[in-house]
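Trainee: I would like to go through this model by question and answer. Where should we begin?

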Amino acid sequence: MAFVWIIILSVGLIQGVFIITSLQTLFPRGSKKTWLYRLLKAFQITPVLFIFASSIWFFFMVILPILVAKPFTSFEGICYALIASYLWLNMVFNYLAAMIISPGYPETRQELEEDTDIDTESLKFCGKCSRVRDRGTHHCSSCDSCVMLMSHHCPFTNNCVGLNNFAYFYLFVLHCSLGLVFAAYCTYAPFMACMLNYRSSFYNPKVCTELGDYAVMFLVVIFVLLFIFVMLCFHTFLLVIDMSMIDFLKLCQKLSLREFLKNILIDRGLRKKKLLLRKLLLYRREKWWKFFIPGFNEIPELLPPDEFLV
C-alpha cells in the first residue's frame, strides 16, 4: 500500500505545481512566488521521473503476470509488452526532450552587434533581457529570458515550451494520454474483480490475494488520465484557434462570453489560418509517421511567414 500512496502523493505534487503556475499566469499582478511555490518547484521533476520508472516496473512485474498466464512467452503477453514498451518509450523520450532542449531564445542586442551587420535600431528589444521581441515572443519570468513563440512555462519539465520544443511537449502529452488509456484497460479487470467483487472470468481469490492493494491503481490511473486528457484537449484547442496559452489567458480576462464565442470560436477557430499549428507542430517532422516514433525535430530553414500571427 505504501507504493500506491507514494504514487498518489507524487501525482498530487505535480498537480499542485501546475495549479499554482496556472494561477500565476492568469493573475500575474497578485501572484508573487511564495515559499510553497519555491518548495514545489524544487521537487516538481522528481515525481514525474519516479512515475516513469515505477510504471514500467509495475506493468511487467505486477499487472502483466496477472493478465496473461505466460506473460513473456505467449503471443498475447508479447503483444501487451510491445504496446506498453512503445508507449512508455515515446512518453519518456518526448518528456526528456521537452525538458532538455532549448525552447528557442532570440538573439540579444550584443550578439547582433558583434556577429552581424543588422541595423539594431529598426528592431524591438526586451527591456528585461535585451533580446529581440518579435510577434509571438514573450518574456518568461522563471527563465528570465524571452522565448520565441512561447506557449507557457511548463511546471512538469521546468522549462519553457516554445518554437523548438513544443512538438516534444505535445507528443509527450499525447503519448501520455494513450499510455494511460492502455493502463486503465489493463487495471480495470483486476479492480472490478478484487475491489468490487465483480464475478467475471478474471475473478480468482488467489490472484486477488497476490495483487493486494495494487488493485486500487485503476482509480489512480483514471484520475491522472482525466487530468492529462484535459491538457491534451486544451493545447489542441489552442492550436486550432492559433493562440499561445499566454495570449489566450490574457484575452480571456478582457472578453465577455459573447465576445469569446464570436472572436475565439468563430473568427479564430473557423477562419484563422493556423500559423502556430504549422510552425510548432507540422514543420517539426518531414513525414507524418515520424510523429509516432522517438526522434528529434527536423527544423526547416524557412518557416511560414508571420503575417497571420497575433
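Mentor: Begin with a definition: a residue is buried when its relative accessible area is under 20%, and exposed when that area is over 50%. Keep in mind that the model is predicted.

Trainee: By that definition, is Tyr95 buried or exposed?
Mentor: The relative accessible area of Tyr95 is 0%. The limit for a buried residue is under 20%, so Tyr95 counts as buried.

Trainee: Which residue forms an aromatic pair with Tyr95, and is that partner buried or exposed?
Mentor: The ring of Tyr95 pairs with that of Phe172, at 5.2 Å centre to centre and with 55° between the planes, a tilted arrangement. Tyr95 belongs to helix 4 and Phe172 to helix 6 (residues 166-194), 77 residues apart, and the pair links these distant parts of the chain. With a relative accessibility of 6%, Phe172 is buried.

Trainee: How many aromatic pairs are there in the whole structure, and what is the geometry of Phe93 and Phe296?
Mentor: The search of the whole structure gives 17 aromatic pairs. For Phe93 and Phe296 the ring centres are 5.3 Å apart and the planes stand at 65°. Planes over 60 degrees apart count as edge-to-face, so this pair is edge-to-face.

Trainee: Why does the pair of Phe93 and Phe296 tie together parts of the chain, and how many residues apart are they?
Mentor: Phe93 is in helix 4 (residues 75-100), whereas Phe296 is in the segment after helix 11 (275-280). The pair therefore ties together parts whose separation in sequence is 203 residues.

Trainee: Is Phe296 buried or exposed?
Mentor: Its relative accessibility comes to 55%. The cut-off for an exposed residue is over 50%, so Phe296 is exposed.

Trainee: Which residues make up the cluster linked by ring pairs, and which residue lies over the face of Phe125?
Mentor: The cluster holds Phe59, Phe60, Phe72, Tyr80 and Phe182, linked by ring pairs. Over the face of Phe125, at 4.0 Å from the ring centre, lies Arg109.

Trainee: What does Ala98 touch, leaving out residues up to four places away in sequence?
Mentor: Ala98 is part of helix 4 and is buried, at a relative accessible area of 2%. The C-alpha atoms of Ala98 and Phe156 are 9.6 Å apart, with their positions 58 residues apart along the chain. The residues touched by Ala98 are Thr157, Asn159, Asn165, Tyr168 and Phe169.

Trainee: Is Lys290 buried or exposed, and what is it in contact with beyond four places in sequence?
Mentor: Lys290 sits in the segment after helix 11. Its relative accessible area is 18%, so Lys290 counts as buried. Beyond its neighbours within four places, Lys290 is in contact with Arg285 and Glu298.

Trainee: Which residues does UniProt list as "transmembrane region", and how far apart are the end C-alpha atoms of residues 80-101?
Mentor: The unreviewed UniProt entry lists residues 6-27, 48-68, 80-101, 168-191 and 211-241. In the model, residues 48-68 are 95% helix and 0% strand, with end C-alpha atoms 28 Å apart. Residues 80-101 are also 95% helix and 0% strand, and their end C-alpha atoms lie at a distance of 31 Å.

Trainee: Which element has the highest mean pLDDT?
Mentor: The chain has 11 helices and 4 strands; its average pLDDT is 79, and 78% of the residues score at least 70. Helix 1 (residues 2-26) has the lowest mean, 56. The highest, 93, belongs to helix 4.

Technical notes:
Residues numbered from 1 in each chain as written. Predicted model: local features only at pLDDT ≥ 70, side-chain atom pairs only at ≥ 80, totals over all residues. Heavy atoms only, no water. UniProt positions renumbered as here; feature names shortened; annotations may be inferred. Helix = DSSP H or I, 4+ residues; strand = E, 2+ residues; numbered from the N terminus. Phe/Tyr/Trp six-rings, centres within 6.5 Å; stacked < 30°, edge-to-face > 60°. Buried < 20%, exposed > 50% of the residue type's maximum accessible area, 1.4 Å probe, protein only. Lys NZ or Arg CZ within 6 Å of the ring centre and 35° of its normal. Contact = heavy atoms within 4.5 Å. pLDDT = per-residue confidence, 0-100.
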